[in-house]
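Biologist: I should like a close look at a single part of this model, the pairing of its strands. Please begin with how burial is judged, and then set that part in its surroundings.

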Amino acid sequence: MTVAPEQDVAVASILAPRRAHRTATADRDDVVRRLPALRLPRAEAGPRPARTSLGTGFLGIAATIMAVLLLCFDIGRFAFEWRSYPAPGLAALAWLLLAGLLVGLAFASRSAGDTLSPWIGGALVGGLGGVVALDALAVWGGGDLARDLTAAPATALVLLAMVGVRSSRSVILAAGGLGLVLAVLVLASWAGSPVPEGGLESAVAMIGRAVLPPVIAALIVHSFRRIVGRELERVLVQSTVSAPRFAVGMLASEELARLDLAAEQLLDSVATGRTRLPLNPASAQAAAELATELRLHLIEGRRQTWLYHAISESELLGRAVTLSDPESLAGLLDPKQRDALLQAVWLMLGDTPERSRRSATRVAIEITVGPAKPVEGKAKTMRVPIVIQTTGVARSRVDPATWDAMRKVGRHIDSQRGGSLCVEIDCVVEKPAER
Amino acid sequence: MERILKQRDRLLAESARLIGLTSTVVAFLLLVLGGMTLPALLLALPFFALLAGAQVRMGQTKAVEWPIATIVLGLAAVILLRCEAAGAFTGWTGLAGTAELPLPLADAMRVLTSGAIAAAAVLLTISLGRMLVLVGAFAVTMIVVVVVFAGQTLLGLAALSTIAGWSGLVAAGAVLSAGLLRAARRVSSIGRAHRSERQASETEAQRRQGARLLHDTVLATLTLLAHSGVGVSRDALRRQAGDDARLLRQLRLSASPLSVVSGPSADDEGTSDGATADPGDSLESVRQRFERLGLEVSWHGATSVSLPPQKLDRFLLALGECLENVRRHSGVKEAHVTITDDETTVRALVTDNGVGFEPAAVPAGKLGYRESIVARLTEMGGNARVFSAQGSGTTVVLEVPR
């Protein structure tokens, strides 16, 4: 018996360092770009975009209800002061417009689902500008807008109702704009005459009351979205814990299917004579690249473990964690140990606020797995040391749950190296069948 | 679940801190702008600073002490402001007592009771014990409001805004908490879907990677094409391409994970049949298939092997690959297979008298042998050994533990 001798393509490239999925995706695009003649079929579904609005629809409804209640209160105040208005009709029009906008927002966000399109959002904010203008015209003669404006500060309630369906940033920007407009109007109404008694105070009170609720709500919804987004990412990554010892990533089968299809089309076109033989240099080059890619993907996954995929598929982990596991020993951990290890890493990273991760001293974690050591007197198990070296993680700031998680992975010793936490876990795993 | 509860607690704490601190700052700003004298402000400052400190701590820890401290310090600040307005510290602050509260002072007090103090309410909704604290704290706050605004025209407004602030923030806490738990449930169902998606993807990749011999020939043909088909007749190359395209189409269209290996069995590239549960049949079908392809296989030893279906599959696949290699490369039309089956191991000896080869000369990364035979067996704890030399035939020993 002889081993397939017709195989003569060098395999050195296969043994080249593994590439992350992102690179693989980039390569795919690269191949597609370079080989237009081949019409490589594109993988149809890309990675699922994070649904940052998950669950905020609920908050949006609550915010809308709250806005309606506050609006009723403000309308009551307006009705009470009806007689003191120089032009109550205009002010009433402003209130009608405001109520209409709120109803419009409620309808739009119901039908839009999770996010409102920027156009509708922009139109609503434009409408709010109209409300402010009408209200300011209605009370302009009174001399002190800080005291007399009613519908204009209440426009912020529509912004409050918008937090669930628009990004926090745009709500905050709109609220800031509203505050600015109100301040300018108040200052303009004071122009040419001395500032009325207590005017400054009532101006600050009025503007603060208008601007702060939507801003605070937007900030809270922002944290809410961050928590949910993080949770989503964690849950997606967690699906790797049940993977076999060596696993392919989520995109691997898609990639392989795509390459197989490309090869099929090329071979088919050769067989049917659509592509003339001998191939022109460009097509020959395409065939060679296709073969290389295919070879790479057939081998890929043989040495990659769940931990590698967990890290490369997660935006948060991928940015901060580097893994060194030359013997693919992480694959030997049982699901409980994997889960706990992921959780520990997650807690170490997750506890640091967003800001410090962007700054110069960014949090980083380096995980080194192996080399394996035998356990004396036990043939079926072995010890896999895992060293987690962090940068920018103080021991005192680490969530206590991290240690519980570590304990589930194995016995551990922690120390400080260069002001940052370093944990050495002694992980006992079942020996794999002889290779 | 525990994790998400922790996240919820943190979200509520941070929200309470944000609302509380903002209100505290606004209240102080109103005092500054509202014409308070500097000593009066200086007197109030420590109270506000302590209040802000308690609010900051409230956002950092889970302990119930800090919301309570926030409420107590906030109420102390309100009472202090009322005393200043009543002229209790006239000698030092220069503020004369007035019957009616000055508006800025009243506003600041309202902001404190309905915002800075009420912020603690966000945190007092998450357990029954805390709700009791909440009710008590609200009662105390209302009493303080009624007492400090007693006899004022603003009493109604102050009481109303305090009630509105507390109820609004309690509702906000409850909504945030419910919303987060709701989102967490949805996230975990997405996680379940993702897990099965990953498994499906894994299976599909394994199916395709498992079609190794097929890929071997596809790669070979692609390589030929890449060299512009030099040295091969066009017809032969075209026919080969057609065969490969058909195999790939079968791979694409077949649904079950292993059927691809058995699918093209009538072709040049057929490997073993899809394993059935009956081992006797399986060995026989392997034999028959190679007979059709022109390789006479003589069987010795056990006529059936008993292995769990999964292992049997792989064992037969590896055996099929061995015979396929014999058929293609040995140059002889006959092979011997000896199966031994003892308590611990199933062993197959595949022997031919063909041209042989130098095992050491085979590059380590060859797909054919290493991937299709060795990998299949080692994945289940078995192994494969090759004994061969140029010109003196080949023997392969396949071993699978039970």
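Modeller: A residue counts as buried if 20 or more other C-beta atoms lie within 10 Å of its own, and as exposed if 12 or fewer do. By that criterion, 43% of the 435 residues of chain A are buried in this predicted model.

The strand pairing may be followed in chain B. Here 5 strands make up an open sheet of mixed pairing, in the order β1-β2-β3-β5-β4. Its edges are β1 (296-301) and β4 of chain B, each of which pairs on one side only. From one strand to the next, the twist averages 15°. In general, the strands of a sheet pair through backbone hydrogen bonds, in either a parallel or an antiparallel manner.

The strand to examine closely is β5 of chain B, residues 394-401. On one side, β3(B), residues 345-352, runs antiparallel to β5(B) and is joined to it by 8 bridges. Within the region of these two strands, Val346(B) stands opposite Val400(B) of β5(B). The partnership of β5(B) with β4(B), residues 383-388, is likewise antiparallel and has 6 bridges. There Asn383(B) stands opposite Glu399(B), while Ser388(B) stands opposite Thr394(B). The hairpin formed by β4(B) and β5(B) has 5 residues between the strands, and in this hairpin Gly391(B) adopts a positive phi near 85°.

The two faces of β5(B) are distinguished by cover. Thr394(B), Val396(B), Leu398(B) and Val400(B) form the covered face, whereas Thr395(B), Val397(B), Glu399(B) and Pro401(B) form the uncovered one. Thus Val400(B), the residue opposite Val346(B), belongs to the covered face, and Glu399(B), opposite Asn383(B), to the uncovered one.

A point elsewhere in chain B gives a sense of distance. Leu132(B) lies in helix α7(B), residues 128-148. This leucine is exposed because 11 other C-beta atoms lie within 10 Å. Between the C-alpha atoms of Leu132(B) and Pro401(B), which are 269 residues apart along the chain, the separation is 66 Å.

Confidence varies along the chain. Chain B has an average pLDDT of 80, with 87% of its residues scoring at least 70. Within chain B, α7(B) has the highest confidence, at 93, and helix α11(B), residues 259-262, the lowest, at a mean of 35. Throughout residues 255-280 of chain B the pLDDT is below 50, although the stretch has 65 contacts in the model beyond near neighbours in sequence. Where pLDDT is low, predicted coordinates should not be read in detail. For the model, ipTM is 0.73 and pTM is 0.70.

The partner chain completes the setting. Chain A has 15 helices and 6 strands. Among its contacts between residues at least 6 apart in sequence, 77% join residues at least 24 apart. In the interface, 69 residues of chain A are in contact with 83 residues of chain B. Helices α2 (56-80), α8 (199-238), α9 (252-271) and α10 (281-299) of chain A each supply at least two residues to the side that touches chain B, and α8(A) gives the most, with 18. By class, that side of chain A has 49 nonpolar, 11 polar and 9 charged residues.

One of these contributors, α2(A), has 25 residues and spans 36 Å from its first C-alpha to its last, close to the 36 Å expected. Its buried residues include Thr56(A), Leu59(A), Ala63(A) and Leu71(A).

Key: Residues numbered from 1 in each chain as written. Chains lettered and ligands numbered in written order. Predicted model: local features only at pLDDT ≥ 70, side-chain atom pairs only at ≥ 80, totals over all residues. Contact = placed C-beta atoms within 7 Å. Helix = DSSP H or I, 4+ residues; strand = E, 2+ residues; numbered from the N terminus. Nonpolar A, V, L, I, M, F, W, Y, C, P; charged D, E, K, R; others polar. Pairing = 2+ DSSP bridges. Expected span 1.5 Å × (residues − 1). pLDDT = per-residue confidence, 0-100. Axes fitted to C-alpha atoms, helices over the stretch in contact; angles between N-to-C directions.
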